[in-house]
Every structure is written in structure tokens, then in C-alpha cells.
Amino acid sequence: MRLRVEFTTEPFDLDEAPRHAVVARDVIQKAELDAVDVGPFGNTAEGEAAVVLGAVDAMLRQALEAGATRVSLQVNVMGEGE
């Protein structure tokens, strides 16, 4: 099964990326995912379910430890051809 995850961390800082956002992005970028897109207001990644779920677990733990007060997260099961 393949999954797509979309997430944002808060609080936002429009002047520079807060530490928790940088940490979350680093975790996702270092995971063995097939597609990763990081942006200033949201991030997405795709891959096999076990890899995505492991990366999400690590991202949540490390982002919260780095000062995130909220993490908005959406996980979708991808259909064939997506």
C-alpha cells in the first residue's frame, strides 16, 4: 500500500523557518520516500506505507521536541496510478 502525507507545523514565522519546521522537513527529506515536496506553508511526501508511517512517527516526535505547538497532518491511501 502507498500513502501520501501532507503536514504543517506551527507556530508559523513569516521571517524565517522556525526550528521545528526545519527539523520536520529534515526528517522527511532523509526518509527513503519516493516523492517529497517541501514548501513554506506545507509539505508532502509519498511512499510505501511502512516507510511513510515510520517517517511520520519520527517527524512528529522530533518536531514536538523542537518546539512545535501544533502539527496538522493528513494521510491518504493512494490508488493505483497515482
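**Exercises on sheet and helix packing**

Glu48 of strand 3 is the bridge partner of Arg2. The model is predicted, with local features requiring pLDDT of at least 70 and side-chain atom pairs pLDDT 80 or more, whereas totals for chains, interfaces and linings use all residues. Numbering starts from 1 along each chain as its sequence is written, and side-chain values use heavy atoms, without hydrogens and water.

**Exercise 1.** Determine how strand 3 pairs with strand 1 and with strand 2.

*Solution.*
- Step 1. Locate the strands, which are DSSP runs of E of at least two residues, numbered from the N terminus like the helices (H or I, at least four). Strand 1 covers residues 2-10 and strand 3 covers residues 43-48, while strand 2 covers residues 35-38.
- Step 2. Count the bridges; strands pair if DSSP finds at least two between them. Strand 1 and strand 3 share six bridges in the antiparallel sense. Between strand 2 and strand 3 there are four bridges, again antiparallel.
- Step 3. Check the link and the register. Four residues form the hairpin connection from strand 2 to strand 3, and Val36 is placed opposite Ala45 of strand 3.

**Exercise 2.** Give the order of the strands in the sheet and identify the strands at its edges.

*Solution.*
- Step 1. The sheet is open and consists of four strands in the order 2-3-1-4, with antiparallel pairing.
- Step 2. Strand 2 and strand 4 (70-77) each have a single partner strand, so each is an edge strand with one side lacking a neighbour in the sheet.
- Step 3. On average, and ignoring direction, neighbouring strands of this sheet are turned by 15° against each other.

**Exercise 3.** Describe how helix 1 and helix 2 pack on the sheet, and how the two helices meet.

*Solution.*
- Step 1. Contact requires heavy atoms within 4.5 Å. Helix 1 touches strand 1, strand 2 and strand 3 of the sheet; helix 2 touches strand 1, strand 3 and strand 4.
- Step 2. Compare directions, using axes fitted to C-alpha atoms (for helices, over the stretch in contact) and angles from 0 to 180 degrees between N-to-C directions. With strand 1, helix 1 makes about 165°, and helix 2 about 10°.
- Step 3. The axes of helix 1 (residues 19-30) and helix 2 (residues 49-65) come within 8 Å, crossing at roughly 160°. Helix 1 contributes Arg19, His20, Val23, Ala24, Val27 and Ile28 to the contact, and helix 2 contributes Ala55, Ala58, Met59, Gln62, Ala63 and Glu65.

**Exercise 4.** Characterise the surroundings of Thr8 and Val27.

*Solution.*
- Step 1. Thr8 belongs to strand 1. Its relative accessibility is 17%, so Thr8 counts as buried (buried is under 20% relative accessible area, exposed over 50%, partly exposed in between; 1.4 Å probe, protein chains only).
- Step 2. Leaving aside residues up to four places away in sequence, Thr8 touches Phe41, Gly42, Arg70, Val71 and Ser72.
- Step 3. Val27 sits in helix 1. At 13% relative accessibility, Val27 is likewise buried.
- Step 4. With residues up to four places away in sequence not counted, Val27 touches Ala55, Ala58, Met59 and Gln62. Val27 and Asp57 are 30 residues apart along the chain, and 9.9 Å separates their C-alpha atoms.
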